[in-house]
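Let's walk through this fold piece by piece. Keep the structure open beside you as you read.

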Amino acid sequence: MDKLVNDLKCCILFKDLTTTELKNLIKSINYSIADNSKDCIEGGTTIVALEGDICASLGIVIQGEIEVQKHYASGKIVTLAKLNKGKIFGEAIAFSETNIYPATIVSNKGSIILYITKKDVIAMCSSYPLVLNNFMQLLSSKILLLNRKIKELSFETLRQKISNYLLSQYETQKKLDLILPMSRKNLAEHLGVQRPSLSREFSNMKNDDLIDFSKNFVQIKDLEGLEDILF
């Protein structure tokens with residue numbers, strides 16, 4: 001019990017709950033734990049949920065890492081998100097009218113996942129106002145993230161997508177000298193483009209004196225120029 005409580009403390013759903021409150025909460029709900037480290041298929045990955053599967057529970061990663069992937073008929077796989085310890089998935093899907101997974105979820109690092117049914121999520125929110133507040137905060141953050149994603153998809157050119165991403169990092173980091181929080185490969189997947197295309201456009205933007213870069217460091221040299229690209 002103590003280990004489980006410690007594992008769940010880093011989850012936003014239980015933010016600001018005391019250890020005693022969290023222990024009592026866990027005792028009051030029915031939960032299940034899936035240890036995917038025991039069922040790894042060849043290549044070291046395990047299918048957690050397939051696109052189209054019914055989602056009736058909220059999942060919390062308590063060990064390892066999972067990936068949310070979009071699988072296309074052509075065989076192409078795009079990683080939409082990586083979720084590590086404390087991260088939640090299925091919280092919006094479980095409560096939707098069409099409660100099916102829109103993407104495939106895989107475990108590639110022997111993840112352990114705790115599942116809480118929709119019924120017990122409602123019970124937690126009813127008994128613990130802090131959990132309700134945290135749950136609403138989580139959903140609000142997901143909506144804002146979705147809005148940003150829609151904005152990204154509205155851009156027609158790769159230069160617009162890169163500029164929008166760099167400007168969002170500028171707003172977050174509050175400086176022109178940026179440290180990118182993901183690798184070039186992951187950034188390409190995030191923007192939905194091929195890595196060579198991303199590297200080529202980075203070089204073109206450097207030649208146009210908009211940015212300078214080295215590995216995961218990017219310096220914005222022309223802030224107004226990046227903003228103009230979006231319009």
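Two strands count as paired here if DSSP finds at least two bridges between them. Strands themselves are DSSP runs of E with at least two residues, helices are runs of H or I with at least four, and both are numbered from the N terminus. By that reckoning, β2 and strand β7 (residues 104–107) run antiparallel and are joined by 3 bridges. One thing to keep in mind is that this is a predicted model, where local features need pLDDT of at least 70, side-chain atom pairs count only at pLDDT 80 or more, and totals for chains, interfaces and linings use all residues. Residues are numbered from 1 along each chain as its sequence is written, and side-chain values use heavy atoms, with hydrogens and water left out.

First, the overall picture. The chain has 8 helices and 11 strands, and its C-alpha trace spans about 60 × 40 × 35 Å along the principal axes. Of its 231 residues, 39% count as buried, where buried means under 20% relative accessible area, exposed means over 50%, and partly exposed lies in between (1.4 Å probe, protein chains only). A contact means heavy atoms within 4.5 Å. Among the contacts in the chain with a separation of 6 or more, 66% are between residues 24 or more positions apart.

Back to β2 and β7. They belong to an open sheet of 4 strands, ordered β2-β7-β4-β5, with antiparallel pairing. At the edges stand β2 (46–49) and β5 (77–84), each with a single partner strand, so one side of each has no neighbour in the sheet. On average, neighbouring strands here are turned by 35° against each other, direction ignored; the axes behind such angles are lines fitted to C-alpha atoms, for helices over the stretch in contact, and angles run from 0 to 180 degrees between N-to-C directions. If you want a landmark in the β2 and β7 pairing, find I47, whose bridge partner in β7 is V106.

At the other end of the strand order, strand β4 (residues 65–71) pairs with β5 over 7 bridges in the antiparallel sense. Here I66 sits opposite L83 of β5. The two strands form a hairpin with 5 residues between them, and G75 in the turn takes a positive phi of about 100°.

Now for a single residue. S57 lies in strand β3 and is buried, at 17% relative accessible area. Setting aside neighbours within four places in sequence, S57 touches F89, G90, A94, Y115, I116 and T117.

Strand β3 also turns up around helix α3. In α3 (residues 118–127), the buried residues are D120, V121, M124 and C125. Seen down the axis of α3, they fall within an arc of 140°, so they line one face of the helix; the arc is taken from the directions from the helix axis to the C-beta atoms. What covers them includes α2 (19–28), β3 (57–63), β8 (112–117) and α4 (129–154). On the other side of α3, K119, S126 and S127 are exposed.

Further along the chain there is another open sheet, this one of 3 strands in the order β9-β11-β10, with antiparallel pairing. Its edge strands are β9 (177–179) and β10, each of which pairs on one side only. Neighbouring strands of this sheet are turned by 20° against each other on average, direction ignored. Antiparallel β9 and β11 (residues 217–220) are joined by 3 bridges, and I179 has F217 of β11 as its bridge partner. Helix α5 packs on the sheet, where it touches β9, β10 and β11, and its direction makes about 95° with that of β9.

What angle do α5 and α7 make where they pack? It is about 75°, with the axes 10 Å apart. The two helices are therefore roughly perpendicular to each other, a label that covers 65 to 115 degrees, while under 35 counts as roughly parallel, over 145 as roughly antiparallel and the rest as oblique. From α5, the contact uses L158, R159, I162 and S163, and from α7 it uses S197, L198, E201, F202, N204 and M205.

Last comes helix α6 (residues 184–191), whose buried residues are R184, L187, A188 and L191. They cover an arc of only 100° around the axis, which puts them on the same side of α6. They pack against α5 (158–173), α7 (195–207) and β10 (211–214). Just after α6, G192 has a positive phi of about 75°.
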